[in-house]
Amino acid sequence: MVPRHIRRTAPSPALARMIAIGLAGCCVIMAPVPGWAQLLSRPVAIHNARILTMDGDEIHNGMLVIQGETISAVGSHIVPPLLAQKVDAQGGTVTPGLIDVASLLGCSSPPGSSSGGSGQAVQRAEDAFDHYATLDFIEVFHHGVTAIYLSPGRSPGICGTGAILRLAPDPGRDPFLGIVLRSEAALAINLASTSQPVARLKTLAAVRKQFRDALEYRKVMEDYQEDVAEYQKQLKEWHASQEKKGVGKDQEENQGRTQESDTTKEGKTTPSRMAALEGKTADEKSPGEKKEPDKGKDGKPQKPQRPERKPDLDIVLKTLDRKLPVRILAHRSEDILNAIDLAEEFSFDWILEGASESHLVAKELAALKVPVIFGSLAQSSIRRDDIFRRSSMNSPQQLSEAGVPWFVGSGAENPANTRFIALDAQIAAARSGGGNPLEAVTARAADALGVGQQIGRLKPGFFADFVVWSGDPLDPATKVRRVYAGGRQVYRQPSDP
Amino acid sequence: MGMMIPYNRYGLDQGIRPDAPVCRTSLFQWIHWLAMAGLLVIQFPSHGMEATESENPGSIQVLQADWIVQPDGTLKPDTAIVIQGGKIREILAAADVKEYEVCPMGKGTVLCPGLIDLFGTVGAVGQTAEMAHVVDPDARAVDAIDPYHKDLVAALRSGITSAVVSPAPNNLVSGTSVCFRTLAKEGKLDILRKNGPLVFSIGESVWQRERIPTSRIGLLDQMRTLVHRAQAGEAHPGINAVFAGQADAVIFCEQGQDVAAARDVLGDRMGQFAVVHSQDAMDLATKASQWSRPVVVGPYTFSSNRRELLGAGLLSKNGVDVAFRGGFPNAPPEGLRITAALAVRFGMDPAAARRAMTVIPARVAGVEDRIGAIEPGQEADLVLFSGDPLRLDSTIRAVFIQGVRTYPAANQESSAGGEQ
């Protein structure tokens, strides 16, 4: 059907050629301007495909059209655009690229693993990502993966922020791969479930302290803002008074004022508050004080001193403002309960990771609507010396029954595990007694990461990150024929004709 | 009722009813049962009736799934298995079973021979390594198996109906392996073969600081001496038998160089040993085609490297019979199927991969005349999957041991899940 459409709508070959030459010329001229190049790049139409949009549709003998780096059309009766490059999927299945919601791909060593302790919120996972790890990328393309949440590692306490990356090329920088879709996607915390009890207590205490520090820091910054406002107000008044009064009168008044300001100066300026934040406890500061900007000898109000910036706490503050979700890695039931307490105390949005014993606290998690991300289920075992001795094979099922939404990632323990994210999803489906594994690693994974409107589905306007499979993607004998990322073919099965 | 409590005490607390052929009620809910003791009294006679019916050697049971796994590993549609006296009597096309009362297994289901786990430590207590003697043919792995071990239950539920456990390959000759069913009735291990293949090993695990050999050189020296003596009939009778071609053996060679060393030392006797190997199977593949015995590879995990993962497929393409190790209990219970799924992802033929979990391991263990294939005369140890066993989203719907449905109990079926 589709080829006939093409024929019917295509103009005469001569005209087509002329347009092509013209367009190519335009492309050459406009190439240095990326936006233009994209607009004028040749569309690609994948036809003769069974398309699983992961948006509820299964299209037989369908066509998918790419324009630039996004999908422009998906359906069964589509007329491909003029001059589109046609790619025959040979009856294969097209799905969105798979997404690993907890990955270490591209990190030869985990970013945060070297030093322990807490307080590295400023560490960014994306900084550890190797954009030229071509062989690793080929491996994951070979299994259909095109996007990851890159974990900042798992040092105890706050380990930094994770990022969402699409394994798309940056056209000018070949073989560079990996476009950050969202930087600072989540703040990662590891409650160190695998450690000894004392280490776990210390970790929890260190994390709690950082959140308290962040609250204190917020107060300091707010005070500073108030001080600035007050300063500006007084400065205005002062300027006004300067204009009204003569110079002689001014000086008299100034002397009086200076004395007054000296007496009220102590203990309420921002630097001293910072001292409280650094050394003393929160109780030592005096909260309800009326602030008044200092004044110089001539009575001119002095600009309040800006408190020192704390980049770590700035990031923690984002979680407290609910602008940044927190991912807490906890396996043991007691650590999960601690995480629940922490989230209640500081009221941030959070996701539980690891979660080996989560079935024990499923009710609590359900009540708080906390999503759970399991690590690789293929790694967990019931061996008798297992530290998570109460981990259960059917945790996923028990969470489903309790109404806790859960997802599965590769666990961010080994970069190579990302390859088999579809198998992880299949194991999870088998253990939970249902669910579509393919949906779990595409649309649902994208939703879990909060990027469900950009990746994970085949819809117009979404990024053209997709995979052409030789058959059912969940059948182990199925091969990946082609992978597209950002509208460009990034992988092709060597034997594909 | 008296029958039931012991199982619970042994840890078989979640629906395994080894003694009940068709389970109406789950042991899982035995507390609930006790509370309704009155009901139990009513139900008990019906249980007794079913038990006698199935234990009666004359009674016939017909299982019909959408597909069965054939001895060659391929899937055959619409086939019924006629079971009598715990054995497979015949295999019929679905159209020909009209004379029997058929027990349909549901849409999309696949009946597969019970999976066989090779050289894991299922049910083993403590160490299976005995390192005092470098040549220790009298050690028996069967002595390490605890029939009440909880791993047995977990293995059974994940479709592993039989396991082969060997003494740890830390000696030149470590002793005999054992093949047993993972269903232990009343604390009695159902042993399929007590003195299974004798275990030889070459590799780093054999060198010890405390005793000779301490290096590869010493190891090969000792091995040559042993081979020489065995061929002259002067070694331990068990070892002599292996070299006289009267007994079977396996040789653990973890690395490629170990295989090469084994080949040098054993010469034309190498063909008698099943090789347990994984790391360099890819290199081995090109040279292994003359071997008559299977090669055992795995366990494969998600972090295995590409070279390892390609090994099974290449060996199989070169005409070698491949069997998998699943690694349970150190790997999850699905380990065997994960290994198979990964091998297929890396080019192994699906039929060969199904054989590598069933027929071939039975051959390695020397029990292929009893289990491992759906063939007339074989014992009816079967697993009912919701789909292809190679697909990891397929669930286990039922496990049959000698034709008796063992897992799950009938009223647990709904929670077994799977594709609807």
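**A tour from helix 9 of chain B to the sheet of chain A**

Select helix 9 of chain B, where the buried residues are Glu308(B), Leu309(B), Gly311(B), Ala312(B), Gly313(B), Leu315(B) and Ser316(B); buried means under 20% relative accessible area, with exposed over 50% and partly exposed in between, for a 1.4 Å probe and protein chains only. Seen down the axis of helix 9 of chain B, these buried residues fall within an arc of 165°, so they line one face of the helix, the arc being that of the directions from the helix axis to the C-beta atoms.

The model is a predicted one, in which local features need pLDDT of at least 70 and side-chain atom pairs count only at pLDDT 80 or more, while totals for chains, interfaces and linings use all residues. Residues are numbered from 1 along each chain as its sequence is written, chains are lettered from A and ligands numbered from 1 in the order in which they are written, and side-chain values use heavy atoms, with hydrogens and water left out.

**Around helix 9 of chain B**

Helices (H or I, at least four residues) and strands (E, at least two) are DSSP runs, numbered from the N terminus. Keep helix 9 (residues 306-317) of chain B selected: at 1.5 Å a residue its 12 residues should span 16 Å, and the end C-alpha atoms are 17 Å apart, which agrees; the expected span is 1.5 Å times one less than the number of residues. Next, show what its buried residues pack against, namely helix 8 (281-285), strand 14 (295-297), strand 15 (322-324), helix 10 (335-345) and helix 11 (350-355) of chain B, where contact means heavy atoms within 4.5 Å. At the start of helix 9 of chain B, a side-chain oxygen of Asn305(B) reaches to within 3.2 Å of the backbone nitrogen of Arg307(B), and the helix is followed by Gly319(B), whose phi is positive, near 90°.

**Strand 13 of chain B**

Move to strand 13 (residues 273-276) of chain B, from which Phe273(B) and Val275(B) point one way and Ala274(B) and Val276(B) the other, all of them buried. Strand 12 (residues 249-252) of chain B runs parallel to strand 13 of chain B and is joined to it by 4 bridges; one place to look is Ala249(B), whose bridge partner in strand 13 is Phe273(B).

**The open sheet of chain A**

In chain A, display the 8 strands that form an open sheet in the order 6-7-8-9-10-11-12-13, with mixed pairing; two strands pair if DSSP finds at least two bridges between them. Strand 6 (98-103) and strand 13 (406-408) of chain A stand at the edges with a single partner strand each, so one side of each is left without a neighbour in the sheet. The twist averages 30° from one strand to the next, with axes being lines fitted to C-alpha atoms, for helices over the stretch in contact, and angles running from 0 to 180 degrees between N-to-C directions.

Add helix 4 (residues 134-141) of chain A, which lies across strand 7 (145-150), strand 8 (157-169) and strand 9 at about 75° to strand 8, and then helix 8 (residues 311-320) of chain A, which lies across strand 8, strand 9 and strand 10 at about 80° to strand 9.

**Leu329(A)**

Finish in strand 10 of chain A, where Leu329(A) is found and is the bridge partner of Asn190(A). Leu329(A) is buried, with a relative accessible area of 11%, and, leaving aside neighbours within four places in sequence, its contacts include Arg154(A), Ile189(A) and Glu353(A).

How values were computed:
A polar contact is a pair of N or O atoms within 3.5 Å; within protein, one must be able to donate a hydrogen and the other to accept it, and residues adjacent in sequence count only if both atoms are side-chain atoms.
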